[in-house]
Amino acid sequence: MQKFNILILTDHTNHSKENSVYTFAHALKNHRFTNRTEIASRGTLENNTFFKNLSTQHIWATKVKQDFRFTHNGDSYKKGIKKVSLYEYDVIWLRLPPPIDKNFLNFLSKNFSNQLIINSPIAIYETGSKEFLLNFQSVCPPMKVCRSIEDVIEFKNQFPIVLKPFREYGGKGIIRIDEEKVWIGNQEMTFNTFISTLKDSKFEYLGVKFLKNVAKGDKRIIVVNGKIMGASLRLPDKNSWLCNVSMGGTSNRTEIAEEEFEIIEKINPILIKMGILMYGVDTLVNDD
């Protein structure tokens with residue numbers, strides 16, 4: 001029975017105790033098909049040569065042992081740290097927070113083509129933009145790419161909207177517009193004040209119709225190789241409209257609805273073909 005050497009690439013400086021990489025790392029360590037599981041962080045100073053200078057020579061990693069866990073000072077990434085080569089590993093799992101530099105993803109694809117990289121680095125960049133959702137308009141609310149003030153005005157005149165920066169994550173930079181009121185996060189201002197901040201600046205937003213049932217939360221569904229593994233319902237704080245846990249939302253147990261299985265069936269063939277084997281999908285309750 002073949003056993004695999006696995007390397008996880010992450011950035012512990014971005015982590016919180018809720019980060020799932022620690023649970024996954026222990027599961028991989030204990031799996032019967034695993035020979036060894038090690039992890040390297042972009043937040044480790046010695047790894048600047050690899051992550052920033054794009055050198056293939058080596059990377060500094062630590063073995064996932066029983067005491068591997070989250071700490072605020074990242075102690076687990078300092079214990080037993082050693083110099084290794086990516087060519088030693090059969091599987092490389094990217095657990096880096098977006099946005100990931102395109103040059104780095106191209107570097108991985110070019111130099112480590114014989115290793116199985118999850119997910120495909122090129123596909124991570126292509127799917128990592130909110131603009132990619134335009135490929136799935138049949139299962140999304142009305143959307144519009146907004147690159148000018150005129151685009152924003154035209155779209156917001158149809159219904160309340162949300163503007164999402166193409167390559168932000170975790171609720172960062174999201175803007176809600178309802179007629180002449182604007183919320184950046186939970187900070188309220190007038191629409192005229194908001195557009196004055198956009199003048200003479202380049203921007204790219206995906207405009208999405210604001211769904212009024214957001215108080216019922218959004219659901220993060222985890223899919224691996226086309227199979228739904230589980231989900232959590234993220235509910236916003238009582239004084240907020242943002243569901244992201246990093247923005248004060250709470251994560252709760254939930255079930256998968258029939259419509260959500262249908263959504264996965266529609267989008268999964270496209271993602272699998274691109275090399276995206278593990279991904280998360282966010283769903284919300286429609287206005288009806």
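**Exercise 1. A charged pair between two loops**

Task: At 43% relative accessibility, does R147 count as buried, exposed or partly exposed, and which residue's side chain does R147 meet in a salt bridge?

Solution, for this predicted model:
- Step 1. Buried ends at 20% and exposed begins over 50%, so R147 at 43% counts as partly exposed.
- Step 2. The partner is E131, and the salt bridge between the two side chains spans 3.5 Å from N to O.
- Step 3. R147 belongs to the loop between β7 (143-146) and α5 (149-156), while E131 belongs to the loop between α4 (121-127) and β7; the pair therefore ties together parts that are 16 residues apart in sequence.
- Step 4. E131 is partly exposed as well, with 30% relative accessibility.

**Exercise 2. Two more salt bridges**

Task: Where do E260 and K219 lie, and are they buried or exposed?

Solution:
- Step 1. The side chains of E260 and K219 form a salt bridge, at 3.1 Å from N to O.
- Step 2. Helix α7 (residues 258-274) holds E260 and strand β13 (residues 218-224) holds K219, so parts 41 residues apart in sequence are tied together.
- Step 3. Both E260 and K219 are buried.

Task: Which residue forms a salt bridge with D282?

Solution:
- Step 1. The residue is R234, and the closest N and O atoms are 3.1 Å apart.
- Step 2. D282 sits in strand β16 (residues 278-284) and R234 in strand β14 (residues 227-235), so this pair ties together parts that are 48 residues apart in sequence.
- Step 3. D282 is partly exposed, with a relative accessible area of 38%, whereas R234 is buried, with 8%.
- Step 4. To place these pairs in the whole, a search of the structure finds 14 salt bridges. R36, E38, K82 and E88 are joined by salt bridges into a network.

**Exercise 3. The first sheet on the list**

Task: What is the strand order of the open sheet with mixed pairing, and which strands stand at its edges?

Solution:
- Step 1. The six strands follow the order β4-β3-β2-β1-β5-β6.
- Step 2. β4 (82-84) and β6 (116-118) are at the edges; each has a single partner strand, so one side of each has no neighbour in the sheet.
- Step 3. Ignoring direction, neighbouring strands in this sheet are turned by 35° against each other on average.
- Step 4. For a closer look at one pairing, take strand β2 (residues 34-41) and strand β3 (residues 59-63), which pair in the antiparallel sense over two bridges. The bridge partner of E38 in β3 is K63.
- Step 5. Now add the helix: α1 (residues 21-29) packs on the sheet and touches β1 (4-10), β2 and β5 (91-95), with its direction at about 155° to that of β2.

**Exercise 4. Rings that meet**

Task: Why is the pair of Y22 and Y77 edge-to-face?

Solution:
- Step 1. The count of aromatic pairs is 17.
- Step 2. For Y22 and Y77, the ring centres are 6.5 Å apart and the planes lie at 75°, so the pair is edge-to-face.
- Step 3. Y22 is in helix α1 and Y77 in the loop between β3 and β4, so the pair ties together parts that are 55 residues apart in sequence.
- Step 4. Y22 is buried, with a relative accessible area of 8%, and Y77 counts as buried at 5% relative accessibility.
- Step 5. For contrast, look at Y87 and F112: their pair is tilted, with 4.9 Å centre to centre and 40° between the planes. Y87 counts as partly exposed at 45%, while F112 is buried at 1%.
- Step 6. Ring pairs link Y87 and F112 with F50, F51, F104 and F107 into a cluster.

**Exercise 5. The antiparallel sheet and its helices**

Task: Which strands are the edges of the open antiparallel sheet, and what does helix α5 lie across?

Solution:
- Step 1. This sheet has six strands in the order β7-β12-β8-β9-β10-β11.
- Step 2. β7 and β11 (187-190) are the edge strands, each pairing on one side only.
- Step 3. Within the sheet, strand β9 (residues 175-178) and strand β10 (residues 181-184) run antiparallel and are joined by four bridges; I177 stands opposite V182 in β10.
- Step 4. α5 lies across β7, β8 (161-165), β9 and β12 (205-209), running at about 160° to β7.
- Step 5. Helix α6 (residues 191-198) also packs on the sheet, touching β8, β9, β10, β11 and β12, and its direction makes about 90° with that of β11.

Methods
Residues numbered from 1 in each chain as written. Predicted model: local features only at pLDDT ≥ 70, side-chain atom pairs only at ≥ 80, totals over all residues. Heavy atoms only, no water. Pairing = 2+ DSSP bridges. Axes fitted to C-alpha atoms, helices over the stretch in contact; angles between N-to-C directions. Contact = heavy atoms within 4.5 Å. Salt bridge = Lys/Arg side-chain N within 4 Å of Asp/Glu carboxyl O. Buried < 20%, exposed > 50% of the residue type's maximum accessible area, 1.4 Å probe, protein only. Phe/Tyr/Trp six-rings, centres within 6.5 Å; stacked < 30°, edge-to-face > 60°.
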